[in-house]
Amino acid sequence: MSFSRRISSVQPSPTLALNAKAVQLAKQGHKVLNFAVGEPDYPTPKVIVDRAIESLKAGRTKYTPAGGGPELRQAISEKLERDNGLTFDPAQIVVGAGAKEILFHTFLSLINDGDEVILTTPCWVSYADQIRAAGGVPVLIPVPEHGRIPSTEEILKYASPKTKIFVFNSPNNPSGYILTENELKELGTFLAKQGWWVISDEIYEYMSFDVPHQSLLKVCPDLRPKFILVNGLSKAFAMTGWRVGYCAAPQEVATMVKSLQSHSSTCIPGFIEDAAVLALKHGQSLMAEDIAKLRHRRDTAVKLLDSLGDIKYMFPQGAYYIFVDIRDKLRDGDTSLKFSDRLLQEHYLALAPGEAFGAPGFLRLSYATDEATISEGIKRLHKALVG
Ligand SMILES: Cc1ncc(COP(=O)(O)O)c(C=O)c1O
């Protein structure tokens with residue numbers, strides 16, 4: 001039988017598979033501590049939920065315009081100006097069913113068969129498979145020893161005449177790094193010279209604990225002609241299940257992404273649009289308590305890891321993950337994938353394996369859970385790793 005070559009090359013998400021196994025073990029009565037999830041554990045703020053209900057009751061149940069209604073795109077444009085100091089006309093903004101769909105449609109809009117896309121690892125699980133599905137070739141740069149983004153010299157080693165796109169994600173999933181203004185300037189100046197498209201995934205923007213988030217475009221305005229900013233409401237407002245993501249892009253790209261939306265999911269529901277407008281108008285202040293809670297959990301987790309000792313990790317400045325380096329704990333052909341499986345079967349602890357992020361030898365721990373669970377989980381992890 002002959003199937004699509006592109007789609008046959010796509011792997012199912014290893015983090016979702018792990019989560020399914022963890023859920024199954026919990027159903028069998030085991031006390032599973034699940035650190036594999038990629039969403040906040042706190043609820044969507046009540047004002048947002050109430051706005052959606054009100055809108056639903058008022059009958060906003062029909063199709064909305066493909067790529068987002070005018071009020072929502074205007075609210076996003078105002079948000080980009082207020083939070084990021086960036087001016088985008090609402091016509092340059094496209095809304096879709098989560099940043100995931102927007103990223104997929106952006107790759108589909110830019111990639112021709114064989115085009116290469118540079119990903120610095122560790123990186124979010126879906127980029128590489130979306131690129132393959134679009135006919136492109138993901139080029140993964142291994143994790144540098146310092147754990148942050150590779151130097152521009154290193155990036156250049158992975159470039160070729162086929163390089164078309166560079167994907168950037170800060171605050172980073174899974175390592176939690178946030179680039180400083182100087183680092184952004186150096187990277188941006190380099191990227192502007194290369195002339196590649198730059199996709200900047202800023203979905204963890206509000207979860208910046210130590211260094212304020214700045215968009216790469218704000219620091220390097222020269223990138224604008226080929227810069228695509230991707231963001232969404234999933235993480236910022238604990239709205240993962242609502243599916244609201246968007247991009248702000250040069251007009252030709254926005255038009256193409258919107259055209260694809262019109263032939264796929266078409267639009268997001270009107271009552272969700274109304275709730276999203278309200279969330280965006282409130283902005284980060286609506287989430288201040290939850291973000292402070294996350295920061296406290298980060299501090300608790302890091303303190304415990306340090307006090308137990310002998311576990312290497314990348315210090316997370318943002319998002320809600322800790323990327324633990326277990327390379328020196330793996331013996332004789334063992335892998336982080338196998339280790340993650342054993343952690344679950346023997347210690348009832350679910351941590352996503354580094355393989356899911358293009359970084360074998362690591363484990364990702366999501367600390368978007370209560371502090372008692374974080375403490376118990378880290379102790380179990382220490383026992384499994386160090387004994
Ligand atoms: C780095 C990154 N980008 C994009 C997404 C997609 O988010 P959503 O589709 O929920 O907007 C995620 C979700 O986990 C992510 O971690």
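**Ligand contacts and strand 3**

Q: What makes the pair formed by an oxygen atom of the ligand and the side chain of Arg-243 a polar contact?
A: An N or O atom in the side chain of Arg-243 lies 2.7 Å from an oxygen atom of the ligand. A polar contact is a pair of N or O atoms within 3.5 Å, so this pair qualifies. For Ser-234, the side-chain N or O atom is likewise 2.7 Å from an oxygen atom of the ligand. The protein buries 92% of the 400 Å² that the ligand exposes when taken alone (Shrake-Rupley method, 1.4 Å probe).

This is a predicted model, in which local features need pLDDT of at least 70 and side-chain atom pairs pLDDT 80 or more, while totals for chains, interfaces and linings use all residues. Residues are numbered from 1 along each chain as its sequence is written, and side-chain values use heavy atoms, without hydrogens and water.

Q: Why is strand 3 called mostly covered?
A: Five of the five residues in strand 3 (residues 116–120) are buried, that is, under 20% relative accessible area with a 1.4 Å probe and protein chains only. Glu-116, Ile-118 and Thr-120 point one way, Val-117 and Leu-119 the other. In a regular strand, side chains alternate between the two faces of the sheet.

Q: How do you know that strand 3 pairs with strand 4 and with strand 5?
A: Pairing requires at least two DSSP bridges between two strands. Five bridges join strand 3 to strand 4 (residues 137–141), in parallel, and Leu-119 has Leu-140 as its bridge partner. Four bridges join strand 3 to strand 5 (residues 163–169), also parallel, with Ile-165 as the partner of Val-117. Both pairs therefore meet the criterion.

How values were computed. Buried < 20%, exposed > 50% of the residue type's maximum accessible area, 1.4 Å probe, protein only. Helix = DSSP H or I, 4+ residues; strand = E, 2+ residues; numbered from the N terminus. Polar contact = N/O pair within 3.5 Å; in protein donor to acceptor, adjacent residues only side chain to side chain.
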